[in-house]
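Here's a quick briefing to read alongside the structure. Have the viewer open and click along as you go.

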Amino acid sequence: LSPERLREVILRELDREGQAFFVHNRVHSIEKVAARLKSIVPEARVTVAHGQMGEDTLASRMIDFIEGKYDVLVATTIIESGLDIPNVNTLIVDQADRFGLADLHQLRGRVGRYKRHAYAYFLLDESRPPSPEATRRLQAIEHFSELGAGFRIALRDMELRGVGNVLGKEQSGHIALVGYELFCRLL
């Protein structure tokens with residue numbers, strides 16, 4: 001997204017009194033990204049959260065964000081598991097081509113959990129074209145956007161990455177100990 005479009009996206013969410021997640025999964029540059037966002041949208045109250053922060057600082061920032069003291073949370077993928085903040089209905093994922101399909105699906109599931117229409121934007125680095133695999137992942141996440149698409153995304157993920165070698169000689173378990181039939185039932 002251009003800076004102008006990014007500004008428009010965030011302001012649209014603020015205009016409807018909502019909040020936004022901006023996912024940047026590089027701790028070493030996350031503060032710089034947050035500063036850039038602040039310069040693009042100076043009206044937005046922006047904070048940062050990542051897993052390398054001290055526990056008290058991280059908890060304090062998350063509570064402040066949940067209570068509405070901030071409009072945009074610039075975070076790593078720590079938001080992908082279990083966060084349910086109904087007021088957050090815009091998600092922007094920086095360098096989306098670096099994420100797996102399951103990660104993108106989980107991240108997208110963090111928005112739109114209440115009454116408002118949700119938006120998810122997956123940004124790519126203009127200086128680096130996405131690999132063919134990344135392009136297929138992004139196309140899959142775009143294609144499977146309806147409610148309940150998780151199973152179909154999992155199937156597509158298996159198509160893209162393969163299912164591994166569960167029954168081959170490289171298999172790490174011990175099929176012989178439990179028998180083939182029980183092993184298949186366990187799977």
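Let's start with a charged pair: K69 and D64 form a salt bridge, with their closest N and O atoms 3.5 Å apart. Keep in mind that this is a predicted model. The two partners sit in different classes of exposure, because buried means under 20% relative accessible area: D64 counts as buried at 18%, while K69 is partly exposed at 44%.

**More on the salt bridges**

- D64 and K69 aren't on their own: salt bridges with shared partners tie D64, E67 and K69 together into one network.
- Searching the whole structure turns up seven salt bridges.
- One of them pairs the side chains of R7 and E43, at 2.6 Å from N to O.
- That pair bridges distant parts of the chain, 36 residues apart: R7 is in helix α1 (residues 3–15), and E43 is in the loop between α2 and β2 (46–49).
- Both ends of the R7 bridge are partly exposed, with R7 at 28% relative accessibility and E43 at 41%.
- Another salt bridge brings together the side chains of D97 and R128, at 2.5 Å from N to O.
- Here too, distant parts of the chain are linked: D97 belongs to the loop between β4 (88–93) and α4, R128 to the loop between β5 (119–122) and α5 (132–143), and 31 residues separate the two.
- Is D97 buried or exposed? D97 is buried, with a relative accessible area of 9%, whereas its partner R128 is partly exposed at 24%.

**The chain as a whole**

- You'll find eight helices and five strands in the chain.
- Reading from the N terminus, the elements go α-β-α-β-α-β-β-α-β-α-α-α-α.
- The chain has 187 residues, and 39% of them are buried.
- Take the contacts between residues at least 6 apart in sequence: 71% of these join residues at least 24 apart.
- The accessible surface adds up to about 11,100 Å², and carbon and sulfur atoms account for 52% of it.

**The nonpolar core**

- The largest nonpolar core holds 44 residues, and the members that touch the most others are I10, F21, F22, V72, V74 and I79.
- Which helix gives the most to this core? Helix α2 (residues 30–40) does, with five residues.
- Leaving aside residues up to four places away in sequence, I10 touches L37, V41, A44, V72 and I92.

**One face of helix α4**

- Within helix α4 (residues 101–108), the residues L101, L104, L107 and R108 are buried.
- Looking down the axis of α4, you'd see its buried residues within an arc of 130 degrees, so they line one face of the helix.
- As a reminder, an α-helix has 3.6 residues a turn, so residues three or four places apart point the same way.

**A nonpolar patch on the surface**

- Which residues form a nonpolar patch on the surface? The patch is made up of V178, L182 and L186, which together have about 250 Å² of accessible area.
- L182 is located in helix α8 (residues 180–186).
- L182 is partly exposed, at 33% relative accessible area, which clears the patch cut-off because patch residues need over 30%.

Key. Residues numbered from 1 in each chain as written. Predicted model: local features only at pLDDT ≥ 70, side-chain atom pairs only at ≥ 80, totals over all residues. Heavy atoms only, no water. Patch = residues over 30% accessible without salt bridge, like charges linked within 9 Å, V, L, I, M, F, W, Y side chains within 5 Å. Areas by Shrake-Rupley, 256 points an atom, 1.4 Å probe, with all protein chains shown as cover. Salt bridge = Lys/Arg side-chain N within 4 Å of Asp/Glu carboxyl O. Helix = DSSP H or I, 4+ residues; strand = E, 2+ residues; numbered from the N terminus. Buried < 20%, exposed > 50% of the residue type's maximum accessible area, 1.4 Å probe, protein only. Core = buried A, V, L, I, M, F, W, Y, C linked by side-chain atoms within 4.5 Å. Contact = heavy atoms within 4.5 Å. Arc of directions from axis to C-beta.
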